[in-house]
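Visitor: Hello! I would love a close look at a single part of this structure, explained for a beginner.

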Amino acid sequence: PITAAGVSVEAAVSRRVALAGQDGLRGRALLFGDLYPRWQDYTQTTLITRIGYDRQTASDALTVGPSFDLGTLGSALLYRAWGVNGEWTHRLSPRTQLKLEGNYRHYAYPLRGYRAQDGDQADLFLTGWSLMPGGLTLIAGGDWVDKGADAPVDAWRQYGARLGIGKTLGRSASLVLLGAARRRDYGGYSPLFEAKRRDREQVLT
């Protein structure tokens with residue numbers, strides 16, 4: 001086993017330029033990753049960029065446009081992915097919101113050992129928030145991901161569910177407890193596992 005101290009980083013920027021009426025253009029970028037100074041080959045970072053048409057009303061917000069993602073492993077480019085992103089947020093009530101996000105991307109892996117993972121990926125994420133008494137926020141949602149690849153053994157489909165609760169602490173801080181469960185089914189027989197691979201994951205953050 002390898003143990004190493006590392007640093008997790010996350011940064012985001014968002015900008016909206018208003019056009020006529022309720023229309024606008026929105027650009028966003030999110031950078032996150034895990035850095036290991038003494039084991040740099042295991043450092044991973046991800047950059048997600050979105051830009052597109054944005055429309056906002058009193059109860060709805062809609063954003064549609066192209067996307068471009070980059071992933072790195074160590075000092076090398078792990079993948080690049082062009083695609084399209086769409087998001088719709090609807091206010092069900094003054095205390096409850098619902099968000100639906102969909103993506104379709106084509107992944108290309110330049111590294112020789114990862115090229116079998118080239119292919120298209122489609123995903124859907126549904127999330128709801130509801131403000132509760134006492135400054136609590138209830139969070140729940142589900143997700144679906146379909147990853148294609150040239151070889152069925154490298155293709156998979158994933159289903160997941162999320163449930164959490166958040167607590168506002170004063171004016172500038174909050175605490176969130178979130179649990180998630182996911183199942184991933186691979187498309188082909190794996191000689192390594194001598195079966196069709198099926199993964200299950202539970203995460204508590």
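Visitor: Which residues does Tyr-109 touch, not counting residues up to four places away in sequence?

Guide: Happy to help! This is a predicted model, in which local features need pLDDT of at least 70 and side-chain atom pairs count only at pLDDT 80 or more, while totals for chains, interfaces and linings use all residues. Residues are numbered from 1 along each chain as its sequence is written, and side-chain values use heavy atoms, with hydrogens and water left out.

Now to your residue. Setting aside residues up to four places away in sequence, Tyr-109 touches Leu-78, Tyr-79, Tyr-114, Arg-115, Gln-117 and Asp-118; contact here means heavy atoms within 4.5 Å.

Tyr-109 also belongs to the largest nonpolar core, together with Leu-78, Tyr-79, Ala-81 and Tyr-107. Such a core is a set of buried Ala, Val, Leu, Ile, Met, Phe, Trp, Tyr and Cys residues joined through side-chain atoms within 4.5 Å, and buried means under 20% relative accessible area, with exposed over 50% and partly exposed in between (1.4 Å probe, protein chains only). The largest share of this core, three residues, comes from strand E5 (residues 76-93). Strands (E, at least two residues) are DSSP runs, numbered from the N terminus. In soluble globular proteins, nonpolar side chains tend to be buried together.

Next, follow E5 to its partner. A hairpin of two residues joins E5 to E6, and E5 pairs with strand E6 (residues 96-108) in the antiparallel sense over 13 bridges; two strands pair if DSSP finds at least two bridges between them. Trp-82, for example, has His-106 in E6 as its bridge partner. E6 also pairs in the antiparallel sense with strand E7 (residues 119-132), over 12 bridges, and the bridge partner of Gln-97 in E7 is Trp-129.

Gln-117 and Asp-118, both touched by Tyr-109, lead us on to Lys-147. Lys-147 lies in strand E8 (residues 136-147), and its contacts beyond four places in sequence include Tyr-107, Gln-117 and Asp-118. Lys-147 is buried yet has no salt bridge, and Asp-118, the nearest side chain of opposite charge, is 6.9 Å away. A salt bridge would need a side-chain nitrogen of Lys or Arg within 4 Å of a carboxyl oxygen of Asp or Glu; Lys and Arg count as positive and Asp and Glu as negative, while His and the chain ends are not counted. A polar atom of the Lys-147 side chain does lie 2.5 Å from the backbone oxygen of Gln-117.

Key: Helices (H or I, at least four residues) and strands (E, at least two) are DSSP runs, numbered from the N terminus. A polar contact is a pair of N or O atoms within 3.5 Å; within protein, one must be able to donate a hydrogen and the other to accept it, and residues adjacent in sequence count only if both atoms are side-chain atoms.
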